[in-house]
Amino acid sequence: MAFLSDSAKAPPAASGEAAVPSSWQVWRYRLKVASREPTTLIGVLTALLFTYLIVVPIISIVLDAVRVQFGHERRLGKDFGDLTPYYLDRTFLSPVSVDLFWRPLFNTLTVAVGAILLSLLIGTILAWLISRTDMFGRRWFATALIVPYMLPAWTFALAWTTLFKNRTVGGQPGWFEALGWTPPDWVAYGRFPITIILALHYTPFVILLFGSALRRFDSQLEDSARILGAKRYQVAMQIILPLMRPALMSSMILIFAKCLGEFGVPYVLGLPVKFEVLSTSLFRSIASRQTGVAGVVAASIMLIGIITLMIDARLVREARRFVTIGSKGSMNRQSRLGKLRLPATGFAATIFMLSVGLPLLTLFLSTIMKLPAQFTLDNFTLDYWIGQDLHTVALQTGVLLSPDLWAAAKNTLMIVGLASLASGILGLLVGYVVIRTPVRALSVYLRQVTFLPYLVPGIAFAAAYLSLFAVPRGPMPALYGTVTILVLALMADQMPYASRAGISAMTQLGKDPEEAAQIAGAGWFRRMMSIVIPIQKGSLVTGVLLPFISGIKGLSLFVILAVPSTDVLTTYSLRLVDYHYTQAANAVVLIIAAIAYLGTLAAQKLTKTNLAEGLGS
Amino acid sequence: MPTINLRGAQKNYGVNSANAVSNLDLEIRDGEFMCLLGPSGCGKTTTLRMIAGLENLSGGEIRIGDRVVDSIFDGVFVPPEKREMGLVFQSYALWPHLTIERNTDFGLRLRKLPKAEREARVEKVMQALDIAKYRDRYPSQLSGGQQQRVALARMLAVNPGVLLLDEPLSNLDARLRLEMRAELKRLHKEFKTTIVFVTHDQWEAMTLATTIAVMNEGTLQQMGTPNDIYDRPANRFVAEFVGSPPINILSFDKKGTSDVAKEAEAYLSARYPSLRGIGSVGIRPEALSYATRKEDVPQGSFSGKMVVTGILPTGGSWILELKSDSHTLFLTTHALPRLELGEKVRFWAPPEALHVFDKDGQRIAEADKLLRSTKLN
């Protein structure tokens, strides 16, 4: 050993003596390191892809809002594509602005606020009953009360019309109308039913978020207050509620963001009385080729969405302060309900019946009855499912025998399947690059760009796609009416969930297994194939399955981007609604609901997680 | 494997952050069992990962023999998979989806060895580490110690020129750790591999290493044999980091001076007037002795009077806590101390037991010779 003799000598003082590499040398070395593996290359490619699929459409629609659109050159005295304040003025200031923007905005806000208040009221009580009391059947209710969220929201809208539709609109009357009571318009359509339905649909948000906060709540905090002499209500108001505030705020904001983009429910229930929200107003502008105004409305929806979620992000950050308070002493203490035990169970059961049992039962019964609300044996038939040679103009067979259904089902499977497969794989790749690339800027950019669609309600995103891909641009042919545009839009729309799943899976995996393989002599490709992908099999399946479920029940993207030849189940059923083929429409919706529900269950089984983690997808 | 050489190796994780490793010169020779020892965050794991190629350099270069494997100046970076080294991770990093046998076999498959040879080598290494009976199990079905042996087997199977170990024993219980230490020493003999071992446990370093490199805050403090490190610490950091109970430091600083330190200062300046610029003196607890009567204290030794304030049995030995007005000393003795708390005793140490450091905390080498030349009577 060279150091045996002179080991007592300290090594030369650090720094100063070493030759300092020139910045050129540093860059050459970094380039060498970064280009050694395809990670960075893949990162750059995916970054470009998502810039094109996510950022460019959004920019495009914002530009639409301030540039002269096709057909308006003469009126505005400018050339196509010139900058103009016309559409902003028209949407925000002109006499028609009330119909185009302000009233829909008001309606959106009031419906959202109403839905939030109602779902908070119901949701907090249910969450408390489920997680902190000895109510009967707690475990069963814990799952059963989440079901409404697994079903498409407009399932409820269709059930509602089946029950309450009145003579204002043609076609088969609702059950109450048929029984001789004409529901007033405000019950049948518009603000009231939309608010109720959205509230019931999003109550599971509150149950999940508030419930998990309640379960994590440290009972010792409660006990300390009690020991100091606080009464039960004082504990509730001064200890529990303040600590629950972040969870409550968070669920409020999530519900608001979701209501903002909700299309199906206001479309089905609002249209008959011309009750418009922002999403239906946007849809109308697009349908009437008002691309400039559509751009303004879409950009406004995005802006509201972005602001809302930024508030949420801020709240989540603040909520972290509270998390540190929780200690390992946290345990789940149950309150005894005593005499209230039965009524409480009754309340939960009622909510379940209202939000799951009744709508599904109504829809199902409506599909096997010829005339509404006539419960005689001869009125029941399976014709609408499997009948043949029916005496109708279109749909002369039951819906299960109709080639249209199967074509739509095939389209759905293909489009949604392809998109979720792509987003699942891309999500894992993004996760890999974000965690592994030595180029920090790339990692940050990828993380943020794939999260961007989350801030943009689906309908606005679809409008953005329409704006960008409706006409040929550069090497890209016009995509409107093709399967491609649907797949691309759906894929981009699902990226937030897919990339988050990928990032968290890669974070959990850590670097070690891969580095161990590297040490053992495995190159990049080999590591991907024999280490990373096999270990991540489970999360890859989830990454594909979750987007698939949400794509199956999704409506807002398709309603704007699909054409009859690319019909999917949701648009097919919506068209049946438009044609007043009530029974067939309801049957298709039931099929969608069944797929979505079973898919969610399968995903939960496969990943052994609760739905809470897939929340928002 | 030829000698591994780090020259001015440097690593920082970001432009404005402090160096995790700065200007590190390290030479690891063939067949050596080297321990990188230091407190957590001292840069020892980073150093190990730089050698393996898992961390890029921010400065300097690494050579294996004459071959540059990593250099900013030459723009060279040989990736880990081409460095032919073995690394056992602190977390073991076994591949959860492969059986123990496949885990062990992985590297051999990559090298495209004939099946018969692969099987023979896997068998040999699994036998050597006593894991053959778990061959069809998955890592999650094994205990920590078993997993640790699999992690070792996996690397030994490919017969790497150098085996890097990143605190591989830290997750094991005390008994298992002792067994594995013996195992590692045996493997080092049997496979004749160069081993670089990272640990913050000084006893582990002392018992295993042929050479210890003590690091702190990203810089190398001292490199030498275990005895060197213990008996002649190059600076105060090494002196204080190695040894338990820790070395007694008598600081000569104007502010921190205690009565015992003043006695030491007087003792040294009276007997060794040529020694100048002393910053502090260190005395290991086991180098101190005590006596209840003045005549039992050898002439010429450094001694003083203190009060016994604590007697702490550690099983087989005792630690005495001695206090004066402004100083506390720890003393280790192997004979049952027949003392009462509050009793006055005299501590003493032979002059060669004094470690003399300058004002910057560096060892004053000339002091060693001087102090050793004095004979006690």
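# Group meeting talk: a two-chain model

Let me begin with one pair of residues in chain B, where B:Lys323 stands opposite B:Thr328, a residue of strand S17(B). Before I go on, please keep in mind that everything I describe today comes from a predicted model.

The strands around that pair are a good place to start. Strand S16, which covers residues 318-323 of chain B, pairs with strand S17, residues 328-333 of chain B, in the antiparallel sense, and there are six bridges in this pairing. The link from S16(B) to S17(B) is a hairpin that runs through four residues.

On the other side of the story is strand S15, residues 302-313 of chain B, which also pairs with S16(B) in the antiparallel sense, over six bridges. If you would like to follow this pairing residue by residue, look at B:Leu312, which stands opposite B:Ile319 in S16(B), and then at B:Ile311, which stands opposite B:Leu320 in that strand. S15(B) and S16(B) make a hairpin as well, with four residues between them, and in its turn you will find B:Gly315, whose phi is positive at about 80 degrees.

What is the order of the strands in the open sheet of chain B? There are five of them, arranged as S14-S18-S15-S16-S17, with antiparallel pairing. At the edges stand strand S14 (289-291) and S17 of chain B, and because each has a single partner strand, one side of each is left without a neighbour in the sheet. If we ignore direction, neighbouring strands of this sheet are turned against each other by 45 degrees on average.

Stepping back to chain B as a whole, its secondary structure comes to 10 helices and 19 strands. The C-alpha trace of chain B spans about 75 × 50 × 35 Å along its principal axes, and of its 377 residues, 44% count as buried. If we take the contacts in chain B with a separation of 6 or more, 66% of them are between residues 24 or more positions apart.

Now to the meeting of the two chains, in which 35 residues of chain A are in contact with 46 residues of chain B. Which helices of chain A each supply at least two residues of the side that touches chain B? They are helix H1 (3-6), helix H2 (23-35), helix H24 (512-519) and helix H25 (524-535). Sorted by class, this side of chain A has 21 nonpolar, six polar and eight charged residues.

Within chain A, I would like to show you two helix pairs, and I will take them one after the other. In the first, helix H6 (residues 97-132) and helix H14 (residues 232-261) of chain A pack at an angle of about 140 degrees, with their axes 9 Å apart. H6(A) and H14(A) are therefore oblique to each other, and their crossing is right-handed. Among the residues that make this contact are A:Val111, A:Ala115 and A:Ile116 of H6(A), together with A:Met252, A:Phe256 and A:Leu260 of H14(A). The residues of this contact of H6(A) with H14(A) comprise 11 nonpolar, two polar and no charged.

In the second pair, helix H20 (residues 403-436) and helix H26 (residues 537-553) of chain A have axes that come within 8 Å and cross at roughly 140 degrees. That angle makes H20(A) oblique to H26(A), and this crossing is right-handed. Where these helices meet, the residues of H20(A) include A:Gly417, A:Ser420, A:Gly424 and A:Leu428, while those of H26(A) include A:Gly543, A:Pro547 and A:Gly551. By class, the residues of the contact of H20(A) with H26(A) are nine nonpolar, eight polar and no charged.

I will finish with a single residue, A:Val68, which lies in the loop between helix H3 (38-66) and helix H4 (73-76) of chain A. Is A:Val68 buried or exposed? A residue counts as buried if 20 or more other C-beta atoms lie within 10 Å of its own, and because A:Val68 has 21 other C-beta atoms within 10 Å, A:Val68 is buried. Leaving aside residues up to four places away in sequence, A:Val68 touches several others, including A:Glu73, A:Leu76, A:Phe80 and A:Thr84. There is also A:Tyr87, which is 19 residues apart from A:Val68 in sequence, while the two are 8.4 Å apart in space, C-alpha to C-alpha.

Definitions and conventions. Residues are numbered from 1 along each chain as its sequence is written. Chains are lettered from A and ligands numbered from 1 in the order in which they are written. This is a predicted model: local features need pLDDT of at least 70, side-chain atom pairs count only at pLDDT 80 or more; totals for chains, interfaces and linings use all residues. A residue is buried if 20 or more other C-beta atoms lie within 10 Å of its own, exposed if 12 or fewer, and partly exposed in between; C-beta atoms are placed from the backbone. Two residues are in contact if their C-beta atoms, placed from the backbone, lie within 7 Å. Ala, Val, Leu, Ile, Met, Phe, Trp, Tyr, Cys and Pro count as nonpolar, Asp, Glu, Lys and Arg as charged, and the others, Gly among them, as polar. Axes are lines fitted to C-alpha atoms, for helices over the stretch in contact, and angles run from 0 to 180 degrees between N-to-C directions. Angles under 35 degrees count as roughly parallel, over 145 as roughly antiparallel, 65 to 115 as roughly perpendicular and the rest as oblique. A crossing is left-handed if the near helix is turned anticlockwise from the far one by less than a right angle, and right-handed if clockwise. Two strands pair if DSSP finds at least two bridges between them.
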